[in-house]
Amino acid sequence: PSISVDESIQKAKAEIARNRFSEARAILKQSINANPKELKLYLEYYPLTVKTNDWSQAVQTLETIFELDPAKESEYYVGYGDAYYKLRKMDKAQMIYDKALGFGKDKDVIHRKLIDVAKQQKSESLLEKEYAEYLKLKPTDGEMQFEFANLLYKLKRNKEALAHYRLASDNRPYDSYTHERLAYILLYEKDYAGSIDAYRKAIAANPRDSRLIAALKYAREQQKLAAKAAAPAVPATPTKK
């Protein structure tokens, strides 16, 4: 005998609780075939497609949900983008994430996902834009500040990179490599005092790294040489005739 929609959902939930996802999907699929316009069946079915990494089915299920209730887009559109991302359809994922921004929810999460899309597309222009947008919302994310700084350095925009390396350093006080990168760029820019300070922080975070100790010594030597070169020449003492 046929069972009701609610009974199907309860049976599926019982199977999910036992991690029997195939059985749960079969129950819901059978009920969907019998009730193709019943929204709550698709709302139960969609999470199962995610659990089982069936991204093509996730796309189809979400499209049916949006057709049955367009208001659900604001709730599920990021997941729609995620499904296309998993399917490696980056242009489509980007378009969906861009639309999802318009719903005004979880903008930082969406910009973070767009960063991943830009990396996959190897689009430096999109990557720069999305780092900037994300960091407006999450300026204390040291990891993303560091990644943005690396991109700007790669683009030979050292002054801008330095600003973000500093922010990364401030927000990753125990990450030796972040301080080391900042120290290296400051040394290149001939900010010897800043470089020495950053190398000290790098060593404090990783005191056993002999490279850092050697780099600090070199920065100090460069500071001394620069000071010596900048010192005014002392006139020779005139000799008496």
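The following exercises, each with a worked solution, concern a predicted model.

**Exercise 1. Packing of two helices**

Determine how helix H5 and helix H7 are oriented towards each other, and state which residues form their contact.

Solution.

Step 1. Locate the two elements: helix H5 covers residues 73–86, and helix H7 covers residues 107–121.

Step 2. Consider the geometry. The two helices pack at an angle of about 15°, and their axes are 12 Å apart. H5 is therefore roughly parallel to H7, since angles under 35 degrees count as roughly parallel.

Step 3. Describe the crossing: H5 passes H7 in a left-handed manner.

Step 4. List the residues that meet. H5 contributes Val78, Asp82 and Tyr85, while H7 contributes Ile110, Lys113, Asp116, Val117 and Gln120. Sorted by class, this contact has 4 nonpolar, 1 polar and 3 charged residues.

**Exercise 2. The surroundings of Tyr85**

Decide whether Tyr85 is buried or exposed, and identify the residues that it touches beyond its sequence neighbours.

Solution.

Step 1. Place the residue: Tyr85 lies in helix H5.

Step 2. Apply the cut-off. The relative accessible area of Tyr85 is 19%, and buried means under 20%. Tyr85 therefore counts as buried.

Step 3. Examine the contacts. Not counting residues up to four places away in sequence, Tyr85 touches Met90, Ala93, Tyr97, Asp116, Val117 and Gln120. Asp116, Val117 and Gln120 are also among the H7 residues in the contact with H5.

Step 4. Compare sequence with space. Tyr85 and Lys119 are 34 residues apart in sequence, and their C-alpha atoms are 12 Å apart in space.

**Exercise 3. Salt bridges along and across helices**

For the pairs Lys119 and Glu147, Glu124 and Lys154, and Glu133 and Lys136, establish where the partners lie and how far apart they are in sequence.

Solution.

Step 1. Recall the principle: side chains of opposite charge can pair when their charged atoms come close.

Step 2. Take Lys119 and Glu147. Their side chains form a salt bridge with an N to O distance of 2.9 Å. Lys119 belongs to helix H7 and Glu147 to helix H9 (residues 142–154), so the pair links distant parts of the chain, 28 residues apart. Lys119 is partly exposed, at 34% relative accessibility.

Step 3. Take Glu124 and Lys154. In this salt bridge the closest N and O atoms are 3.0 Å apart. Glu124 is in helix H8 (residues 124–137) and Lys154 is in helix H9; the pair again links distant parts of the chain, with their positions 30 residues apart. Glu124 is partly exposed at 32% relative accessibility, whereas Lys154 is exposed at 59%.

Step 4. Take Glu133 and Lys136. The closest N and O atoms of this salt bridge are 3.2 Å apart. Both residues lie in helix H8, 3 residues apart, which is about one turn of the helix. Glu133 is partly exposed with a relative accessible area of 27%, and Lys136 is exposed with 60%.

Step 5. Place these pairs in context. The count for the model comes to 23 salt bridges. Glu15, Arg18, Arg20 and Glu23 are linked in a network of such bridges.

**Exercise 4. Positive phi angles in loops**

Explain what is notable about the phi angles of Asn53 and Lys122, and state where these residues are found.

Solution.

Step 1. State the general expectation: most residues other than glycine have a negative phi.

Step 2. Examine Asn53. Although Asn53 is not a glycine, it has a positive phi of about 55°. Asn53 lies in the loop between H3 and helix H4 (55–68), and it is exposed at 52% relative accessibility.

Step 3. Examine Lys122. The phi of Lys122 is also positive, near 55°. Lys122 is found in the loop between H7 and H8, and it is exposed with a relative accessible area of 73%.

**Exercise 5. Two residues and their environments**

For Thr49 and Ile213, state the helix, the degree of burial and the contacts beyond four places in sequence.

Solution.

Step 1. Begin with Thr49, which is found in helix H3 (residues 39–51). Thr49 is buried, with a relative accessible area of 0%. The contacts of Thr49 are Asp54, Gln57, Ala58 and Thr61.

Step 2. Continue with Ile213, which lies in helix H13 (residues 210–230). Ile213 is partly exposed, at 45% relative accessibility. The contacts of Ile213 are Ile203 and Pro207. Ile203 and Ile213 are 10 residues apart in sequence and 7.0 Å apart from C-alpha to C-alpha.

Key
Residues numbered from 1 in each chain as written. Predicted model: local features only at pLDDT ≥ 70, side-chain atom pairs only at ≥ 80, totals over all residues. Heavy atoms only, no water. Axes fitted to C-alpha atoms, helices over the stretch in contact; angles between N-to-C directions. Parallel < 35°, antiparallel > 145°, perpendicular 65-115°, else oblique. Left-handed = near helix turned anticlockwise from the far one by under 90°. Contact = heavy atoms within 4.5 Å. Nonpolar A, V, L, I, M, F, W, Y, C, P; charged D, E, K, R; others polar. Buried < 20%, exposed > 50% of the residue type's maximum accessible area, 1.4 Å probe, protein only. Salt bridge = Lys/Arg side-chain N within 4 Å of Asp/Glu carboxyl O.
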